[in-house]
Amino acid sequence: MVGRYVVGLMMISGLAWEAAAADFDASSGKLVAQSGDYLYRFDDYFPTLELLSVSGPILESDARARFEHNEAKAIEGSGYVRLGGTMAFGWLPIVNADRFFGRRVEMRFWQRPEGAQLYAELYWAIGPRGGEGALTGRLLFQPTGRATDDGWEEWSSGPVDFAMGGTLNPGWVFLDVPEALFDSDSAPTVLFDAFSIQDLGPAAVPAVACSVLNEDQRCGQDGLCLLGRCVDAAPLVGPLPFRASQRQYYLARTRAQFRHFEGGRGPLSKLAAFEEKLQALESATAAKVFRAGLEEAVNALGDGHAQAPGVGPGFLFPSTVCVELGRADLLPGAPLAPLITSISPGVPWTRGLAPGDALTAIDGLSVPEWRARAQSRLAYQGDEAGRDYATTQALLEAAIGSGAVLELSRCRPLPGEVSCPPERVERLKVDLGLAEAGVWNGGVLPWSFTDTSGCDHRFLSPVSGGNRADYTYAETEERGGIRYLAINGTPDDEHWNSSVSLAFSGTSSRVLLDQRTGFGGAKEAIDLIAAAVLAPEELYDIVDVPQIGVSIEAAQAAFPECKVKEVPACELFDSWDIGSSSMTQATRGHAKDARIAVLNGYDVSGNDYVARVFEHRDPSRTRIFGAVPTVGAYGVIFPLPSLPGERARGSLQVSDAAFLRRPGEAWTGFITGTGVAPQEVVLQLQSDILLGVDTPLAVAERWLREGR
Amino acid sequence: MRSLTALLILIAACSSGEPTPTPSPARKLIERPAGGGLPVDNAFFDPDFDLIPFVWWAEIETDVGYLRRRVDADAPSGHPILRFDPYKLTPVPVEILGLAQSIQGPARVELWVGRSPELPSAAASLLGLSLQGETRAIPLLPEGEAVTAQGLRWQRVAAHYDEPFVGWSVLRVAVKDGRAFSVSRPVLIEAVSGAGLLPRGSRPATAEEARASQGYRRHLLEEAPRALSSIRRPSTPVAQAAKR
């Protein structure tokens with residue numbers, strides 16, 4: 001019988017996965033295990049494989065019934081597991097695998113779709129399995145291209161270091177059947193068999209200390225620095241499509257998706273450069289190069305709605321400390337710096353820090369220098385002028401995640417001083433890598449993933465009540481002759497509508513709109529604000545136009561009545577007359593004569609529209625304050641469909657918007673990629689933090705009251 | 001309860017073990033092309049039906065039926081399937097609608113449609129907007145032999161055309177009897193000129209087609225968010241599961 005085995009003699013570096021063909025025996029049509037293979041066969045009931053229905057745990061008898069015997073059908077051995085139906089999820093523990101410690105491995109399984117498809121993720125965790133408090137590495141399995149003529153197909157993790165950071169073994173493979181249903185055993189199913197682990201040789205990434213500055217040298221092409229230790233990058237950033245043909249398809253299809261459907265005219269003008277960047281990734285051989293390149297290509301489009309697919313957990317670490325890019329006016333030279341605005345209580349590493357402290361160095365480099373080195377960790381899409389401001393919080397989180405050394409500068413001016421001389425600046429040093437390193441030896445993190453301050457771009461909210469961390473946050477109150485309204489987006493939400501209507505229908509002639517955090521939303525919400533604050537002659541209509549394949553002039557000639565709803569001509573575009581919805585009738589024009597101050601911060605999509613609405617008002621009664629322009633994403637966002645081997649979707653903007661002052665006006669002014677700039681640039685001051693003053697808020701209030 | 005070590009099969013001396021039962025006939029190993037062989041330049045937004053009920057949509061009353069994505073090893077198209085299943089046998093018109101970007105110049109559109117053999121065929125057409133502001137239809141007609149699989153008769157339908165449609169096109173597949181039907185592998189690509197296939201002309205859309213096209217476009221724009229926050233990346237598998 002030995003002759004029927006084709007032993008893995010082709011296991012050479014870089015081609016290891018191709019050698020997998022050796023385990024299929026052509027004469028029997030089965031996979032055949034070798035001596036010493038690590039293999040889950042599923043020939044018998046295996047309670048360690050935890051199966052869950054959509055609604056939770058299941059009876060043992062139900063689980064047993066999922067292990068089916070059918071020697072002819074099984075790809076290996078005499079049985080397999082039938083997942084799907086009402087069985088939506090499974091956890092397959094990786095046990096008795098110590099021999100892979102310090103090794104590079106590849107995990108594979110086979111599935112046969114019978115209505116459903118199985119997705120699998122290898123899962124490393126510090127903390128409770130699957131809990132929100134866990135640090136996770138996740139690696140999505142991909143199809144290898146190997147299949148059988150009766151419908152089995154092979155999926156693989158691709159090459160990966162078994163132990164993260166040299167000490168943390170993968171805990172589980174999470175199994176997910178999206179087509180599973182709540183209540184029907186006739187729902188689609190999928191067969192699962194022959195889960196195996198192959199040893200590919202020594203680990204590729206050395207388990208050594210590192211920082212963002214030296215990770216390329218210390219961690220190698222496959223490694224990244226996490227919590228001060230080199231780890232395999234793939235479980236963080238997502239896998240490399242390891243098959244060359246798969247990689248080419250993935251990149252070509254991504255190019256085609258944007259070429260066909262990107263709607264922002266600015267981003268469309270950058271498509272050639274985008275396509276070149278993607279093409280260059282065809283030769284990528286490392287996950288971190290591939291994923292960073294993909295992210296960079298998408299970011300360079302300037303489409304604030306575009307996101308590369310998030311196939312790994314990335315670099316999101318908890319906001320235990322909130323920072324805002326502001327002016328450190330108490331320090332010599334008054335530099336721009338991330339300023340601490342709040343701190344979560346009880347987090348050990350933050351002891352000794354205080355609001356007003358300025359982050360002035362990371363890993364011994366100035367913040368701008370470190371930022372440049374960490375750019376691949378700081379995803380941002382939209383108007384370039386807003387990048388540094390928008391990614392300041394992410395910058396700190398990236399530093400926390402990499403185990404960086406932070407240096408903060410503190411000044412407590414003496415009476416009569418406006419700032420500190422150099423010798424009186426107190427330097428505080430926090431070595432996060434030192435504090436976090438224990439986790440690689442079984443210790444605990446000096447913070448938890450559940451620690452979060454719910455950071456936004458306000459040092460203080462001008463209103464009380466509500467939850468500032470909520471997307472639907474909308475609170476209003478009147479104080480000192482000013483009506484305040486604070487929002488975090490433009491959602492379709494009853495409380496939001498009520499607060500906004502109240503804010504603009506009141507008797508106050510002075511209104512302050514604080515949208516320093518604005519994640520966008522529904523056009524009805526934009527319209528509610530626009531209808532209240534604009535006179536009819538200031539803005540008439542907003543038209544969202546996708547790619548049309550012909551000139552704007554030709555399209556406008558063909559569809560002149562597009563402003564009228566419910567007629568065929570409106571099929572091409574989305575268009576709405578300002579104040580046309582029934583919701584706006586009560587507030588139409590109520591605040592058109594009011595003096596209105598707008599505070600912008602990170603504003604995207606629906607909040608970009610709101611910002612542009614205020615640009616159409618008379619500047620003598622309107623002032624837009626902010627640190628930087630808004631994102632500049634004026635259009636409709638579509639999620640991108642998942643490509644093979646990918647689950648978390650990317651997105652893109654499929655239209656661009658023309659703002660029209662009167663009927664018949666030409667559809668021009670498509671400016672996606674360029675945000676609404678502040679009419680008055682204002683940054684949070686370090687000195688104001690010590691005084692408990694929100695600088696932009698105070699400046700806007702002064703303008704409302706005094707006209708300056 | 002059996003121990004973990006007993007249940008984790010570390011194969012020992014397998015090379016001298018029992019003969020492996022042989023499927024009859026023995027299955028063969030094949031290579032599956034990346035993307036399942038779909039053209040990368042396919043102008044359909046979501047040819048593998050990932051985005052239900054957003055991009056793929058059926059304007060049906062809630063008690064009529066539902067759309068479901070299926071992946072079947074023996075699908076004749078070799079690709080995922082979008083299937084309409086009725087809750088009950090109500091003889092009402094049902095249509096599946098999907099999004100494509102229009103192609104300027106000669107184009108080919110194709111699709112697999114599956115139905116029970118005893119039921120009438122589903123009607124498929126590609127709907128586009130002319131530069132005169134009119135909705136026009138390209139009917140998809142049978143091409144090649146039908147194939148029977150999963151108890152369904154699968155027929156590829158296709159058309160070649162050369163119409164300067166403006167903006168997005170809409171695929172419509174419709175039945176009048178309210179019974180189950182499936183579609184798979186929608187493809188819209190530039191046609192190779194001189195391929196020996198004559199362009200077929202378009203016709204004005206029927207009232208049903210025009211209404212479907214308008215309703216679908218409105219659905220897309222009304223359902224599409226203007227918010228990044230609505231497309232959160234799932235944080236953990238369990239969080240993903242909880243959102244489903």
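**Sheet, helix and core arrangement in the predicted model**

In chain A, six strands make up an open sheet of mixed pairing, arranged in the order S25-S26-S27-S30-S31-S35. The edges of this sheet are strand S25 (474-479) and strand S35 (680-681) of chain A, each of which pairs on one side only. The structure described here is a predicted model. Within the sheet, strand S27 (residues 510-518) of chain A runs parallel to strand S30 (residues 595-603) of chain A, and eight bridges join the two. One of the residues involved is Leu512(A), whose bridge partner in S30(A) is Ala597(A). Strands of a sheet pair through backbone hydrogen bonds, in either a parallel or an antiparallel sense. Helix H17 (residues 695-706) of chain A packs on the sheet, where it touches strand S26 (482-487), S27, S30 and strand S31 (622-626) of chain A. The direction of H17 makes about 160° with that of S30(A).

Chain A as a whole contains 17 helices and 35 strands. Its C-alpha atoms fill a box of roughly 95 × 70 × 50 Å along the principal axes. The radius of gyration of chain A is 28 Å, which agrees with the value near 27 Å for a compact globule of 708 residues. Of these 708 residues, 57% count as buried. Contacts in chain A often link distant parts of the sequence: among those between residues at least 6 apart, 73% join residues at least 24 apart.

Two nonpolar cores were examined. In soluble globular proteins, nonpolar side chains tend to be buried together. The largest nonpolar core has 194 residues, and the members that touch the most others are Ala120(A), Val173(A), Ala399(A) and Val113(B). Leaving out residues up to four places away in sequence, Val173(A) touches Leu92(A), Ile94(A), Ala120(A), Glu121(A), Leu122(A) and Tyr123(A). A second core, separate from the largest, has 76 residues, among them Val463(A), Ile542(A), Phe573(A) and Leu683(A).

Glu407(A) is part of strand S23 (residues 405-410) of chain A. This residue counts as partly exposed because it has 19 C-beta neighbours inside 10 Å, whereas a buried residue needs 20 or more. Apart from neighbours within four places in sequence, Glu407(A) is in contact with Thr360(A), Ala361(A), Arg427(A) and Lys429(A). Between Glu407(A) and Val430(A), which are 23 residues apart in sequence, the C-alpha to C-alpha distance is 6.5 Å.

In chain B, helix H2 (residues 207-223) has 17 residues and spans 24 Å from its first C-alpha to its last, close to the 24 Å expected at 1.5 Å a residue. The buried residues of H2(B) are Glu209(B), Ala212(B), Ser213(B), Gln214(B), Tyr216(B), Arg217(B), Leu220(B) and Leu221(B). An α-helix has 3.6 residues a turn, so residues three or four places apart point the same way. The cover over the buried residues of H2(B) includes strand S29 (574-577) of chain A, as well as strand S5 (94-101), strand S7 (123-129), strand S8 (135-142) and strand S11 (166-175) of chain B.

Of these strands, S11(B) is itself mostly covered, with nine of its ten residues buried. S11(B) pairs with S5(B) in the antiparallel sense over eight bridges, and Trp168(B) in S11(B) is the bridge partner of Gln101(B). S11(B) also runs antiparallel to S7(B), to which six bridges join it. Leu171(B) in S11(B) stands opposite Leu126(B).

Methods
Residues are numbered from 1 along each chain as its sequence is written. Chains are lettered from A and ligands numbered from 1 in the order in which they are written. This is a predicted model: local features need pLDDT of at least 70, side-chain atom pairs count only at pLDDT 80 or more; totals for chains, interfaces and linings use all residues. Two strands pair if DSSP finds at least two bridges between them. Helices (H or I, at least four residues) and strands (E, at least two) are DSSP runs, numbered from the N terminus. Two residues are in contact if their C-beta atoms, placed from the backbone, lie within 7 Å. Axes are lines fitted to C-alpha atoms, for helices over the stretch in contact, and angles run from 0 to 180 degrees between N-to-C directions. The radius of gyration is taken over C-alpha atoms; the globule rule is 2.2 Å times the number of residues to the power 0.38. A residue is buried if 20 or more other C-beta atoms lie within 10 Å of its own, exposed if 12 or fewer, and partly exposed in between; C-beta atoms are placed from the backbone. The expected span of a helix is 1.5 Å times one less than its number of residues. A nonpolar core is a set of buried Ala, Val, Leu, Ile, Met, Phe, Trp, Tyr and Cys residues joined through C-beta atoms within 7 Å.
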